[in-house]
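User: I am new to this structure and would like a close look at one part of it. Please take me through that part in plain terms, and then on to the contacts around it.

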Amino acid sequence: EPELPLAAEEVWAAGVTYEASNDARQEESGRAEVYQDVFDNERPELFLKATPSRTMGPGRAVGIREDSDWDVPEPELGVVVYAGEIVGYTVGNDMSSRDIEGQNPLYLPQAKVYDRCCSLGPCVVSPESVGDPRDLELSMTIERDGEAAFEGSTSTSNLARSPEELVSYLTRHNAVPELSVLLTGTSVVPPEEFTLREGDRVDIAIENVGTLSNPVVTV
């Protein structure tokens, strides 16, 4: 199976960068003001998402927590950062336990950071080849028993913050490793009644970048 296209020492992620993600987190938590504050604020929400041992490459299984009942993949444009500069883009899957996250905003690390919680790939594409990172079609299909259990798409034009702005906050007063990835947030959110199951397959495609596919296991 393909290897990870890069050896990023840390993967970080940004939250509430799309209106759809803001809406979803308000609904799951019942604490609308917390997430609206992030969406409206000058400072973005950034969190450490994964270490190398938790980051899966194409074709390798991503995980859903056994102690969670509501789990979704989050398809995201990944920004590859080297020595503080944007050097390329990749596809990222920010696996999330929505019920744990929704119980309390302080549970975010347990909802986001666990075994097999992230995947990246299938490649890294140069900024020149990608073009405008805020004008890309992004789609996700979740296959279950040979059929599409969920399909959704969006455009990164709905991203409320630029990759440059997010990276500037990532590197601000923060000693990030020389090679890191920053996931820029999601706006493709499956409906509330949907949850991932072991055996599902998640395919995430981003225009000018590629398609990342991963099976799902319980961890």
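Does Arg116 count as buried, partly exposed or exposed?

Analyst: Arg116 counts as partly exposed, because its relative accessibility is 23%. The class follows from fixed limits: buried is under 20% relative accessible area, exposed is over 50%, and partly exposed lies in between (1.4 Å probe, protein chains only).

The model is predicted, so local features need pLDDT of at least 70 and side-chain atom pairs count only at pLDDT 80 or more, while totals for chains, interfaces and linings use all residues. Residues are numbered from 1 along each chain as its sequence is written, and side-chain values use heavy atoms, with hydrogens and water left out.

Arg116 sits in the loop between helix H4 (108-112) and strand S9. Helices (H or I, at least four residues) and strands (E, at least two) are DSSP runs, numbered from the N terminus. The phi angle of Arg116 is near 60 degrees, which is positive although the residue is not glycine. Asp145 also has a positive phi without being glycine, with a value near 55 degrees. The loop that holds Asp145 joins strand S10 (137-144) and strand S11 (147-155). Asp145 counts as exposed because its relative accessibility is 74%.

Next comes strand S9, which covers residues 118-125. Pro122 belongs to S9, and the peptide bond from Gly121 to Pro122 is cis, its omega being near 0 degrees. Strand S9 pairs with strand S3 (residues 55-56) in a parallel arrangement, through 2 bridges; pairing requires that DSSP finds at least two bridges between the strands. On that side, Met56 has Ser119 of S9 as its bridge partner. Strand S7 (residues 85-94) is joined to S9 by 5 bridges and runs antiparallel to it. Here Asp94 is bridged to Cys118 of S9.

The contacts between charged side chains come next. A salt bridge is counted when a side-chain nitrogen of Lys or Arg lies within 4 Å of a carboxyl oxygen of Asp or Glu. The whole structure contains 11 salt bridges.

One of them pairs Arg25 with Glu101, with the closest N and O atoms 2.8 Å apart. This pair connects distant parts of the chain, since Arg25 belongs to helix H1 (residues 19-29) and Glu101 to helix H3 (residues 98-103), with their positions 76 residues apart. Both Arg25 and Glu101 are buried.

Helices H1 and H3 are also linked by Arg98 and Glu28, whose side chains form a salt bridge at 2.6 Å, N to O. Arg98 is in H3 and Glu28 in H1, 70 residues apart, again distant parts of the chain. Arg98 counts as buried because its relative accessibility is 4%. Glu28 is buried too, at 12% relative accessibility.

Arg65 and Asp67 form another salt bridge, at 2.8 Å from N to O. Arg65 is buried, with 16% relative accessibility, whereas Asp67 is exposed, with a relative accessible area of 51%. Further salt bridges share partners, and these join Lys49, Glu74, Asp94 and Lys112 into one network. Asp94 thus appears in two settings: in the network, and as the bridge partner of Cys118 in S9.
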